[in-house]
Amino acid sequence: FWLGTISAALFFLLILSGLPLLFLYVPSVERAYQSVKDIEYVITFGSWIRAVHRIAAHGMVIAVFLHLVRVYLTGAYKNGAGRGQRREWNWVLGVVMLLATLFLSFTGYLLPWDQLAYWAVTVGTQMAAYVPFVGERVQSLMLGGSTVGSATLLRFYVLHVAVLPTTLIFVLMIHLWRWRKDSMLELERNEPDV
């Protein structure tokens, strides 16, 4: 159903729409909310760029999830007749990309620095604290302290604009290389002998 291609296209649309937002947004507690309002109401085409970014983000989460469901239901993660296929590794990479996509969505949710974002991140990080053995450390690492504050905003901003997109691009390249290699091995197996 071209869900993988749609997911990749939405990701690159997010990068394109995120670049102007990267230069217009101010990741500080004092200025974050106002910079989002400026993007919405002062910057020419700012509300359009932000809307494209937000809608593409929602679409990417849905497309990546549906892509994984399709791969699972059709059994495409299983090795075919070609020798040397490692499709199960591509399935693992797909799950990693889904988790990165969800975390990108979560980190981007805090950036407007409004009440909805504040409480969503408060609840989300409190849920992380319930993970056995490492939960409280993960929560402290995400928050940069004990409460949602300027350290949290800066950490989420760096994760959202640098760490997670770079990771997703790298994993996507491996995923596409692996998919292409497994497809060629399948074609090689099906060619008639001359």
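**Note on a predicted all-helix model**

1. Residue H58 is found in helix α3. The model is a predicted one. With a relative accessibility of 45%, H58 counts as partly exposed, because that class lies between the cut-offs of 20% and 50%. From the C-alpha of H58 to the C-alpha of R70 the distance is 18 Å, and the two residues are twelve positions apart in the sequence.

2. Next, the overall make-up. The protein contains seven helices and zero strands. Following the chain along its sequence gives the pattern α-α-α-α-α-α-α.

3. On dimensions: along the principal axes, the C-alpha atoms fill a box of roughly 70 × 45 × 25 Å. The protein has 194 residues, and 34% of them are buried. The exposed area comes to about 12400 Å², with 69% of this area supplied by carbon and sulfur atoms.

4. On contacts along the chain: take the contacts in the protein whose partners have a separation of 6 or more. Of these, 69% are between residues 24 or more positions apart.

5. Two helix pairs deserve a closer look, and both involve helix α3. Two packed helices are described by the angle between their axes and the distance between the axes. The points below give both values for each pair.

6. How do the axes of α1 and α3 cross? Helix α1 covers residues 3-24, and its axis comes within 8 Å of the axis of α3, at a crossing angle of roughly 155°. An angle over 145 degrees counts as roughly antiparallel, so α1 and α3 are roughly antiparallel to each other. Their crossing is left-handed. The residues in the contact of α1 with α3 comprise 16 nonpolar, seven polar and two charged ones.

7. The second pair is α2 with α3. Helix α2 spans residues 32-41 and helix α3 spans residues 46-74. Their axes come within 5 Å and cross at roughly 110°. Angles of 65 to 115 degrees count as roughly perpendicular, and α2 and α3 are therefore roughly perpendicular to each other.

8. Which residues of α2 and α3 meet? On the α2 side they are V36, I39 and E40; on the α3 side they are G46, S47 and R50. Sorted by class, this contact of α2 with α3 has two nonpolar, two polar and two charged residues. V36 and I39 count as nonpolar, G46 and S47 as polar, and E40 and R50 as charged.

9. To sum up the two pairs: α3 is roughly antiparallel to α1 and roughly perpendicular to α2.

Conventions: Residues are numbered from 1 along each chain as its sequence is written. This is a predicted model: local features need pLDDT of at least 70, side-chain atom pairs count only at pLDDT 80 or more; totals for chains, interfaces and linings use all residues. Side-chain values use heavy atoms; hydrogens and water are left out. Axes are lines fitted to C-alpha atoms, for helices over the stretch in contact, and angles run from 0 to 180 degrees between N-to-C directions. Helices (H or I, at least four residues) and strands (E, at least two) are DSSP runs, numbered from the N terminus. Angles under 35 degrees count as roughly parallel, over 145 as roughly antiparallel, 65 to 115 as roughly perpendicular and the rest as oblique. Contact means heavy atoms within 4.5 Å. A crossing is left-handed if the near helix is turned anticlockwise from the far one by less than a right angle, and right-handed if clockwise. Buried means under 20% relative accessible area, exposed over 50%, partly exposed in between (1.4 Å probe, protein chains only). Accessible areas come from the Shrake-Rupley method with a 1.4 Å probe; for residues, only the protein chains shown count as cover.
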